[in-house]
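Subject: Structure handover and notes

Hi,

Here is the structure I promised to pass on to you. Please open it alongside this email, and my notes will follow underneath.

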Amino acid sequence: MALKELLRLKLSEARERKVAFETKYDTSFAEFKQAWQADAIEDRHSYVVEHDYWEWEAAVTDEVRLGAMAEQLSDAQIP
């Protein structure tokens with residue numbers, strides 16, 4: 001039960017970080033990444049923008065990974 005709560009907390013934190021970046025840049029990570037690769041992001045190699053890119057990517061990855069783990073735990077038959 002404690003593990004499920006921890007996963008829910010971490011998943012919520014990852015979603016909040018992702019939404020904060022979506023709000024800051026007014027786009028999804030997928031669109032931001034596409035613009036990044038097309039060299040369409042102004043100052044993309046500045047510390048702030050590059051740091052945001054990596055943190056945003058981590059938040060998206062964490063959301064997917066933690067969501068899958070939470071789903072597996074909810075499907076598991078725990079005595």
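Below is what I found, grouped by topic.

**Confidence**

Please keep in mind that this is a predicted model. The mean pLDDT of the protein is 92, and 95% of its residues reach 70 or more. Among the elements, helix α2 has the highest mean pLDDT, at 97, while α3 has the lowest, at 93.

**Helix α2 and what covers it**

I began with α2, which spans residues 29-37 and has Phe29, Phe32 and Trp36 as its buried residues. These three are on the same side of the helix, because the arc they cover around the axis is only 60°. If you turn to the face directed away from that buried side, you will find the exposed residues Ala30, Gln34 and Gln37. The cover over the buried residues of α2 includes α1 (2-25) and α3 (47-75).

Lys33 also belongs to α2. With a relative accessible area of 29%, Lys33 is partly exposed. Setting aside neighbours within four places in sequence, Lys33 is in contact with Tyr53 and Glu57. Lys33 and Tyr53 are 20 residues apart along the chain, and their C-alpha atoms are separated by 8.0 Å.

**Salt bridges**

How many salt bridges does the structure hold? The count is eight, and these are the ones I would look at with you.

Within α1, Glu5 pairs with Arg8, and their closest N and O atoms are 3.1 Å apart. The two residues are separated by about one helical turn, because they are three residues apart in α1. An α-helix has 3.6 residues a turn, so residues three or four places apart point the same way. Glu5 is partly exposed, with a relative accessible area of 45%, and Arg8 is partly exposed at 45% too.

A second bridge joins the side chains of Arg17 and Asp62, with 3.1 Å from N to O. Arg17 lies in α1 and Asp62 in α3, so this pair ties together parts that are 45 residues apart in sequence. Arg17 counts as partly exposed, at 32% relative accessibility.

Asp62 has another partner: its side chain also meets that of Arg65 in a salt bridge, again listed at 3.1 Å from N to O. Here both residues lie in α3, three residues apart, which is about one turn of the helix. Arg65 is partly exposed, with a relative accessible area of 44%. Elsewhere, Arg15, Lys18 and Glu63 are joined into one network by salt bridges that share partners.

**A nonpolar patch on the surface**

Which residues form a nonpolar patch on the surface? They are Leu3, Leu6 and Leu9, and together they have about 280 Å² of accessible area. Of these, Leu6 is found in helix α1. Leu6 counts as partly exposed, with 43% relative accessibility.

**Aspartates to look at**

Several aspartates caught my eye. Asp26 sits in the loop between α1 and α2 and has phi near 55°, a positive value in a residue other than glycine. With a relative accessible area of 71%, Asp26 is exposed. Just after α2, Asp39 takes a positive phi of about 60°. Asp43 lies in the loop between α2 and α3, and its phi is positive at about 55° although it is not a glycine.

Is Asp52, by contrast with Asp26, buried or exposed? Asp52 is buried, because its relative accessible area of 8% falls under the 20% cut-off. Asp52 lies in helix α3. Not counting residues up to four places away in sequence, Asp52 touches Phe21, Lys24 and Tyr25.

**Where to start**

If you have only a few minutes, I suggest looking at the buried side of α2, with Phe29, Phe32 and Trp36, and then at Asp62, which bridges to Arg17 and to Arg65. After that, the loop residues Asp26 and Asp43 would be a good next stop.

Happy to go through any of this with you.

Best wishes

Note on methods:
Residues numbered from 1 in each chain as written. Predicted model: local features only at pLDDT ≥ 70, side-chain atom pairs only at ≥ 80, totals over all residues. Heavy atoms only, no water. Buried < 20%, exposed > 50% of the residue type's maximum accessible area, 1.4 Å probe, protein only. Helix = DSSP H or I, 4+ residues; strand = E, 2+ residues; numbered from the N terminus. Arc of directions from axis to C-beta. Contact = heavy atoms within 4.5 Å. pLDDT = per-residue confidence, 0-100. Salt bridge = Lys/Arg side-chain N within 4 Å of Asp/Glu carboxyl O. Patch = residues over 30% accessible without salt bridge, like charges linked within 9 Å, V, L, I, M, F, W, Y side chains within 5 Å. Areas by Shrake-Rupley, 256 points an atom, 1.4 Å probe, with all protein chains shown as cover.
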